[in-house]
Amino acid sequence: MKILNHSQIQQKIKRLAIEILEDNYEEPELILAGINNNGMEFAQMLMQALLDITDQHITLTRIRLNPAAPLKEGINLEMPASELEGKTIIIVDDVANTGRTIFYATQPLMTVLPKKVEVAVLIDRTHKTFPIRVDYVGLSLATTLMEDIDVRIRDVNEQSVFLN
């Protein structure tokens, strides 16, 4: 079942960008850290929406990890962690499910003292098992553990989100 179509996703991105800017308008720089592929794609979309409404400096980076076994392969931040010192970092992913992926994605940030760490997701599922709070949510869904969210935002003509 389709729960978001292309235009709805674009509208959510614009709204999220406005919310992020409202909460961080005094920050000289925002760092968007996309998790893996879909998170990075969503971070790029957010960055473009932010650049459409502000002249703040936006830095984009990626956090790579294996969601199924985050400690097995290591967690990699694609920019030096030292550049995060005293900065506002927004961890971006397509879906927040249990919170585990986002929880482990914060590991590279533990070596520095950022000013603030926030989380932005397109879809937030409401059954967290890790201590993660999502600050910016496109759509919040109460789903069962048996249901799956399929976010199609990369390499497609029409972006969409499905509940299977």
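**Exercise 1.** Take Lys-128, at a relative accessible area of 26%, in this predicted model. Work out its burial class, then find its salt-bridge partner and that partner's class.

*Solution.*
- Step 1: buried needs under 20% and exposed needs over 50%, so with 26% Lys-128 lands in the partly exposed class.
- Step 2: look for a carboxyl oxygen within 4 Å of the Lys nitrogen. Asp-124 supplies one, with an N to O distance of 2.3 Å, and there's your salt bridge.
- Step 3: Asp-124 has a relative accessible area of 11%, so it is buried.

**Exercise 2.** Which residue forms a salt bridge with Glu-29, and where in the chain do the two sit?

*Solution.*
- Step 1: the partner is Lys-87, and the closest N and O atoms are 3.1 Å apart.
- Step 2: Glu-29 belongs to strand β2 (residues 29–35), while Lys-87 sits in the loop between β4 (76–77) and β5 (88–96). That's 58 residues apart, so the pair ties together distant parts of the chain.
- Step 3: now the burial check. Glu-29 comes in at 15%, which makes it buried, whereas Lys-87, at 25%, is partly exposed.

**Exercise 3.** Is Arg-133 buried or exposed, and which residue does it pair with in a salt bridge?

*Solution.*
- Step 1: its relative accessibility is 61%, so Arg-133 is exposed.
- Step 2: Arg-133 pairs with Asp-135, with 2.6 Å between the closest N and O atoms.

**Exercise 4.** How many salt bridges does the count give, and which residues are linked in a network?

*Solution.*
- Step 1: the 4 Å cut-off yields nine salt bridges.
- Step 2: the network links Arg-62, Arg-64 and Glu-78.

How values were computed:
Residues are numbered from 1 along each chain as its sequence is written. This is a predicted model: local features need pLDDT of at least 70, side-chain atom pairs count only at pLDDT 80 or more; totals for chains, interfaces and linings use all residues. Side-chain values use heavy atoms; hydrogens and water are left out. A salt bridge is a side-chain nitrogen of Lys or Arg within 4 Å of a carboxyl oxygen of Asp or Glu. Helices (H or I, at least four residues) and strands (E, at least two) are DSSP runs, numbered from the N terminus. Buried means under 20% relative accessible area, exposed over 50%, partly exposed in between (1.4 Å probe, protein chains only).
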